[in-house]
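This report goes through selected local features of one structure. The sequence and the coordinates come first.

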Amino acid sequence: MTTPALPPIPADRLPALLRAMPKAELHMHIEGSLEPELIFALAQRNGVALPYASVEELRRAYAFTNLQSFLDIYYAGASVLLKEQDFHDMAWAYLERAAADNVVHTEMFFDPQTHTARGVAMQTVIDGLHRACVDAKAKLGVSAALILCFLRHLSEEEAFATLEQALPFRDKIVGIGLDSSEVGHPPEKFARVFARCRELGFHLVAHAGEEGPPAYVWSALDVLKVERVDHGVQSTKDPALMKRLAQDRIPLTVCPLSNLKLCVFPDLARHNLGQLLDAGLVATVNSDDPAYFGGYMNENFVQTFAATGLTAQHAWQLAANSFEGSFVDAQTKAGWMARLNESFAQFGKA
Ligand code: HPA
Ligand code: ZN
């Protein structure tokens, strides 16, 4: 997408512009939107015992040193989800937050294996999440889609079994992703199941280059044949990979507050989002697991811009990239681009 001549935006209006501009969210794990209050409410509703005495104690446990230290708590939090209504309520709470942040479209990851392993039926999970998506369109004007993720610490055989269970509901799933513990579980482990998903016509994405090396990003592209890379921030270590990502316009779904909380970068000021954008990559901003990492979409934008000195031009590019990278038709994207340009024109005037 070519950049239009943007009106000058006074620096003190940048945070308001970041909040107001329409945007798409392409990297958010719905189980990572469970706020401690909702975890406790669902635990009570379902009679599930939690290893934390209070909301405050649970929130205090959100001090992570790396991806695995987070995943252990994240899977424990998801144990309160049992019924269709629980999945609906979780997704609805996130979608209301997304709408408040002027997210016009979201593609939400879900981890069915976390639930089916506890005896929850695939249909229960998908029906609850899908009903929230339908409600979001009707009541909030937000379009929402679902991406089923395989857990990479489990086997490819288990991923195949999960795919089989999901196929009766394939019209409710836009794509397939790969998440959980990255290092030691390279994309190659899932080559056959991703090939099958590709034959079935799903869009494909995978987490790669969050903690793992650039080699994992290469194999996500060349072995799994993904259309987007989730995170991908380690790509700056490999100039040839940077060139490939730019040339093929492969979107990177970057999650700055997640990277901060999981110690991928020592502080936000040293995040490489600006470097990715300035190299011409289709980088986007996303919240990953907003209940755990200290902020939804607009917090990610505002805090990252404040720390790194990114400009209104970068803001426009990030929003445009989020629309370009989304799995919707060209006409819908064009409509969102018109709204984005209108938003910038408004801010230029005032
Ligand atoms: N990385 C990998 N797996 C995940 C994440 C993440 O940031 N969030 C939830 N599952
Ligand atoms: Zn993620």
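## His115 and its surroundings

The side chains of His115 and Glu31 are joined by a polar contact of 2.8 Å. The model is predicted. His115 is part of helix H6. His115 counts as buried because its relative accessibility is 0%, the cut-off being under 20%.

Apart from its neighbours within four places in sequence, His115 is in contact with Glu31, Ala78, Leu81, Phe87, Val120 and Val125. Glu31 thus appears both in this contact list and as the polar partner of His115.

## Helix H4

Helix H4 covers residues 67-77 and is mostly covered, with eight of its eleven residues buried. The buried residues are Leu67, Ser69, Phe70, Leu71, Ile73, Tyr74, Tyr75 and Gly77.

These buried residues of H4 pack against two strands, E1 (23-29) and E3 (143-151), and against helices H2 (36-46), H6 (112-116) and H14 (290-293). Helix H6, one of these packing partners, is the helix that holds His115. At the N-terminal end of H4, Asn66 acts as the cap: one of its side-chain oxygens lies 3.3 Å from the backbone nitrogen of Gln68.

## The zinc site

The zinc ion (ligand 2) is coordinated through NE2 of His27, His29 and His207 and through OD of Asp288, at 2.0 to 2.2 Å. Along the chain, the donors follow the spacing H-x1-H-x177-H-x80-D. Because His207 lies in strand E5 (residues 203-208) and Asp288 in the loop between strand E8 (283-285) and H14, the pair ties together parts that are 81 residues apart in sequence.

The arrangement of the four donor atoms around the zinc ion (ligand 2) is irregular because they subtend angles of 83 to 175 degrees. A tetrahedral assignment would need all angles to lie between 85 and 135 degrees. For reference, the ideal angle for four tetrahedral donors is 109.5 degrees.

Are His207 and Asp288 buried or exposed? His207 counts as buried, with a relative accessibility of 4%. Asp288 is also buried, its relative accessible area being 2%.

## Packing of H10 and H11

Helix H10 (residues 214-222) packs with helix H11 (residues 239-247) at an angle of about 35 degrees, and their axes are 10 Å apart. The two helices cross in a left-handed sense. On the H10 side, the contact is made by Pro214, Val217, Trp218, Leu221 and Asp222. On the H11 side, Ala240, Leu241, Arg244 and Leu245 take part.

Terms used:
Residues are numbered from 1 along each chain as its sequence is written. Chains are lettered from A and ligands numbered from 1 in the order in which they are written. This is a predicted model: local features need pLDDT of at least 70, side-chain atom pairs count only at pLDDT 80 or more; totals for chains, interfaces and linings use all residues. Side-chain values use heavy atoms; hydrogens and water are left out. Buried means under 20% relative accessible area, exposed over 50%, partly exposed in between (1.4 Å probe, protein chains only). Helices (H or I, at least four residues) and strands (E, at least two) are DSSP runs, numbered from the N terminus. Contact means heavy atoms within 4.5 Å. A polar contact is a pair of N or O atoms within 3.5 Å; within protein, one must be able to donate a hydrogen and the other to accept it, and residues adjacent in sequence count only if both atoms are side-chain atoms. Donors are N, O and S atoms within 2.8 Å of the metal (3.2 Å for Na, K and Ca); water is not among the atoms, so sites may look incomplete. Four donors count as tetrahedral if all angles lie between 85 and 135 degrees; four count as square planar and six as octahedral if opposite donors are over 155 degrees apart and all others between 65 and 115; anything else is irregular. Axes are lines fitted to C-alpha atoms, for helices over the stretch in contact, and angles run from 0 to 180 degrees between N-to-C directions. A crossing is left-handed if the near helix is turned anticlockwise from the far one by less than a right angle, and right-handed if clockwise.
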